[in-house]
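Reader: I should be grateful for a close look at a single part of this structure, namely its second largest pocket, together with the elements around it. Please set it out as one connected account.

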Amino acid sequence: MTNQRSVVVTGAESGIGAACAAAFGAIGDAVAVFYFNDTAAASLSVAAVEKAGGTARAIQCDVADPASVDRAFSEAERAFGPASVAVNSAGINMAGVKVRDMADTQWQHMIATDLTGAFNVSRRFIRGREKASGPAALIHISSIHAAVVRAGGADYCAAKAGVTNLVETLAIEEARNHIRVNSIRPGMILTPMNERAVEDLAYRHKLEANIPIGRAGRPEEVAAMARWLASDEASYVTGASFTVDGGLSLLLGVGA
Ligand SMILES: NC(=O)c1ccc[n+]([C@@H]2O[C@H](COP(=O)([O-])OP(=O)(O)OC[C@H]3O[C@@H](n4cnc5c(N)ncnc54)[C@H](O)[C@@H]3O)[C@@H](O)[C@H]2O)c1
């Protein structure tokens with residue numbers, strides 16, 4: 001008898017998703033590494049999970065496409081059984097374009113990925129629990145921009161704010177089915193999504209001066225929260241959003 005859980009992580013070939021996959025691997029879980037299109041990166045994530053002590057398999061998944069999400073979950077179920085944990089980390093960043101200049105396609109692509117993607121993953125994860133028993137946890141990687149807006153980020157801010165209400169609604173819908181649903185709101189984390197800050201130290205230090213803790217976050221620091229939320233230690237936690245930002249979002253009133 002093994003305690004190995006079946007865990008799905010989307011966007012698991014990069015950044016926060018890759019760190020989550022490795023964090024679950026380190027406690028011996030079986031991790032379905034859902035990746036978008038970078039098979040080499042997915043292989044590296046699989047190797048990291050296995051090195052950490054877990055089991056892993058790379059599975060292609062476009063979160064914006066419900067048929068792709070269904071196929072990927074079915075493959076994960078065949079390999080590891082019904083997922084009892086899902087971390088949805090797949091996402092794209094804001095366009096940096098004001099609404100007045102924003103193309104239809106930009107808005108639609110963002111909503112399809114960061115909001116409808118969260119819906120697609122949530123629905124399929126919950127359906128996969130119908131024949132399963134025991135507690136389950138669904139975690140969405142949202143953003144501080146779910147609550148703190150930025151000019152040029154209407155697409156991203158609206159999508160992430162939508163994730164908040166999706167999470168809260170799912171929490172009350174699924175509480176009696178033993179599925180807890182929460183989100184994490186990272187601040188500035190050093191991943192490929194923040195490529196310029198990763199590569200340009202002067203630029204990074206300028207941004208880090210705005211963060212109370214004095215530095216950008218590491219993907220592992222977000223993964224630690226995901227792993228806790230998925231654990232029995234969080235057994236009474238549902239419908240909540242957890243900020244992991246070194247205090248960044250507290251400084252709203254500074255400067256005016
Ligand atoms: N890095 C940060 O500072 C930061 C801050 C707040 C929130 N976030 C959120 O964290 C999550 C992970 O971001 P990250 O920093 O690891 O970025 P990342 O770019 O390293 O990883 C995101 C992954 O999502 C994948 N992806 C994009 N579209 C997809 C789709 N349609 N289907 C499946 N996968 C898709 C990408 O291929 C990529 O591998 C995102 O939801 C992001 O909005 C990141």
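Author:
**The second largest pocket and its surroundings**

In this predicted model, the second largest pocket encloses about 340 Å³ of space. Its lining is made up of 19 residues, and those closest to the centre of the pocket are Arg5, Ser84, Pro135, Ala230 and Asp232. By class, the lining comprises 9 nonpolar, 5 polar and 5 charged residues. Two of the elements that supply at least two residues each to this lining are β5 and α8.

Both of these elements belong to the account of the sheet. The sheet is open and has 7 strands in the order β3-β2-β1-β4-β5-β6-β7, with parallel pairing. At its edges stand β3 (55-60) and β7 (241-244); each has a single partner strand, so one side of each is left without a neighbour in the sheet. From one strand to the next, the twist averages 20 degrees. The partner of β7 is strand β6 (residues 179-186), which runs parallel to β7 and is joined to it by 4 bridges. In one of these pairings, Ser183 has Ser241 of β7 as its bridge partner.

Helix α4 (residues 104-128) packs on the sheet, where it touches β1 (6-10), β4 (85-88), β5 (136-141) and β6. The direction of α4 makes about 175 degrees with that of β5. Helix α8 (residues 219-229) also packs on the sheet, touching β4, β5, β6 and β7, and its direction makes about 165 degrees with that of β6.

Helix α4 has a further contact, with helix α3 (residues 66-80): the two axes come within 10 Å and cross at roughly 40 degrees. The crossing is right-handed. On the α3 side the contact is made by Pro66, Val69, Asp70, Phe73, Ser74 and Glu77, and on the α4 side by Asn120, Val121, Arg123, Arg124, Phe125 and Gly128. These residues divide into 5 nonpolar, 3 polar and 4 charged.

There is also enclosed space to consider. The structure holds 1 cavity of 30 Å³ or more, and the largest cavity has a volume of about 40 Å³. Asn88, Ala90, Asp114, Ala118, His140, Ile141, Lys160 and Val163 line this cavity. Two or more residues of that lining come from each of α4, β5 and α5 (154-174). The lining of the largest cavity has 4 nonpolar, 2 polar and 2 charged residues. Strand β5 thus appears in both linings, that of the second largest pocket and that of the largest cavity.

Methods. Residues numbered from 1 in each chain as written. Predicted model: local features only at pLDDT ≥ 70, side-chain atom pairs only at ≥ 80, totals over all residues. Heavy atoms only, no water. Pairing = 2+ DSSP bridges. Axes fitted to C-alpha atoms, helices over the stretch in contact; angles between N-to-C directions. Contact = heavy atoms within 4.5 Å. 1 Å grid on protein atoms, 1.4 Å probe; cavity = no way out; pocket = protein on both sides within 12 Å on 5 of 7 lines; lining within 4 Å. Points joined across faces, edges and corners; volume = space filled by probe spheres on them. Nonpolar A, V, L, I, M, F, W, Y, C, P; charged D, E, K, R; others polar. Left-handed = near helix turned anticlockwise from the far one by under 90°.
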